[in-house]
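Q: I am new to this structure and should be grateful for a close look at a single part, the largest pocket. Please also set out the chain to which it belongs, together with a few individual residues.

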Amino acid sequence: MKDVEITVQVFNTFDEIDKILQQQGFKMIENYQLNDWYFSKLGNLQNIEYSELINNSFLVRQVLDSRETSYLCYKKKEFDKFGNVISEEKTKTKIDSLQNAIMIFKSSGLNNYAAVKNNSYVYKKDEIIFVVQVIEKLGIFIEYEEDDSMTNMKQQEKIDYMCNVVNSLNLKLGNDYFCKKVFMLLNKNANVE
């Protein structure tokens with residue numbers, strides 16, 4: 001199933017965000033950490049378009065909450081005419097050994113071009129649920145995916161609705177509602193561990 005989502009950078013501190021959201025009636029309902037290792041068969045990543053890179057990549061994901069779970073994931077992203085990600089379809093499968101999977105992909109010659117460490121905080125108020133993501137070496141973002149209340153909306157209506165919700169939070173937001181976090185990290189030449 002393809003989901004519509006927006007991702008916007010926030011320039012408040014996490015403590016400010018938490019306080020502002022709680023004052024508006026939002027509750028933090030979940031906290032977890034995501035560690036993602038991105039792999040691609042593509043070698044030279046200079047001057048490559050994001051759409052080509054991400055649709056030729058997969059990731060090994062470690063989820064740390066009350067337990068540790070690891071997945072192999074592929075995200076097929078759909079772009080608008082401006083290069084913004086307007087929807088994605090996710091496929092994932094559990095893996096037994098995170099370290100063995102990473103070693104296999106590195107040993108096979110795939111390019112491990114980014115590692116993303118993400119502390120995620122899920123906030124909820126009524127039917128609105130979104131994630132505040134604190135991403136190491138990059139910043140803080142709000143990621144908001146469509147939910148069941150948006151089922152009868154057209155794609156652009158969903159995007160407009162989500163942008164309006166995020167804008168109503170009274171946070172210091174960036175202008176890009178389709179941030180490409182891994183691409184931003186790659187462009188900052190973040191070190192892969």
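A: The answer below begins with the chain as a whole, turns to the pocket, and ends with individual residues.

The model is predicted, and confidence should therefore be considered before any detail. The protein chain has an average pLDDT of 91, and 96% of its residues reach a score of at least 70. Among the elements, the highest mean pLDDT, 98, belongs to helix 1, which covers residues 14-23. The lowest mean, 87, is that of helix 5, formed by residues 181-187.

The protein chain contains 5 helices and 8 strands. Followed along the sequence, these elements occur in the order β-α-β-α-β-β-β-α-β-β-β-α-α. The pattern thus opens with a strand and closes with two helices in succession. As to overall dimensions, the C-alpha trace extends over about 50 × 40 × 30 Å along its principal axes. The radius of gyration is 17 Å, in agreement with the value near 16 Å for a compact globule, because the chain has 193 residues. Of these 193 residues, 48% are buried. Contacts across the sequence are also prominent in the count: among contacts with a separation of 6 or more, 65% join residues that are 24 or more positions apart.

Within this chain, the largest pocket holds about 870 Å³ of space. Its lining consists of 39 residues. Those nearest the centre of the pocket are Leu-34, Arg-61, Lys-90, Glu-143 and Glu-145. By character, the lining comprises 18 nonpolar, 16 charged and 5 polar residues.

From the pocket, the description passes to particular residues, beginning with one in a helix. Leu-53 belongs to helix 2, residues 50-54. With a relative accessible area of 0%, Leu-53 falls under the 20% limit and is therefore buried. Setting aside neighbours within four places in sequence, Leu-53 makes contact with Leu-42, Leu-45, Ile-48, Tyr-113, Phe-183 and Leu-186. One of these partners, Phe-183, lies 130 residues away in sequence, yet the two C-alpha atoms are 8.8 Å apart in space.

Two residues in strands may be considered next. Glu-30 is located in strand 2, which runs over residues 27-40. Its relative accessible area is 37%, so Glu-30 is partly exposed. Beyond residues up to four places away in sequence, Glu-30 touches Ser-120, Tyr-121 and Val-122. The C-alpha atoms of Glu-30 and Lys-124 are 9.4 Å apart, although 94 residues separate the pair along the chain.

Lys-76 is part of strand 4, residues 68-79. Lys-76 has a relative accessibility of 43% and so counts as partly exposed. Apart from neighbours within four places in sequence, the residues in contact with Lys-76 are Asn-55, Ser-87, Glu-88 and Glu-89. Tyr-161 lies 85 residues from Lys-76 along the chain, and their C-alpha atoms are 23 Å apart.

Finally, two loop residues deserve attention for their backbone angles. Asp-126 sits in the loop that joins strand 6 (111-125) to strand 7 (128-135). Its phi is positive, at about 55 degrees, although Asp-126 is not a glycine. With a relative accessibility of 58%, Asp-126 lies over the 50% limit and therefore counts as exposed. Asn-170 occupies the loop between helix 4 (155-167) and helix 5. The phi of Asn-170 is likewise positive, near 60 degrees, in a residue other than glycine. Asn-170 has a relative accessible area of 60%, and so it is exposed.

Conventions
Residues are numbered from 1 along each chain as its sequence is written. This is a predicted model: local features need pLDDT of at least 70, side-chain atom pairs count only at pLDDT 80 or more; totals for chains, interfaces and linings use all residues. Side-chain values use heavy atoms; hydrogens and water are left out. On a 1 Å grid over the protein atoms alone, a cavity is a set of points where a 1.4 Å probe fits but cannot get out, and a pocket is an open set with protein on both sides within 12 Å along at least five of seven lines; lining residues have an atom within 4 Å of a point. Grid points are joined across faces, edges and corners, and a volume is the space filled by probe spheres set on the points. Ala, Val, Leu, Ile, Met, Phe, Trp, Tyr, Cys and Pro count as nonpolar, Asp, Glu, Lys and Arg as charged, and the others, Gly among them, as polar. pLDDT is the predictor's confidence in each residue, from 0 to 100. Helices (H or I, at least four residues) and strands (E, at least two) are DSSP runs, numbered from the N terminus. The radius of gyration is taken over C-alpha atoms; the globule rule is 2.2 Å times the number of residues to the power 0.38. Buried means under 20% relative accessible area, exposed over 50%, partly exposed in between (1.4 Å probe, protein chains only). Contact means heavy atoms within 4.5 Å.
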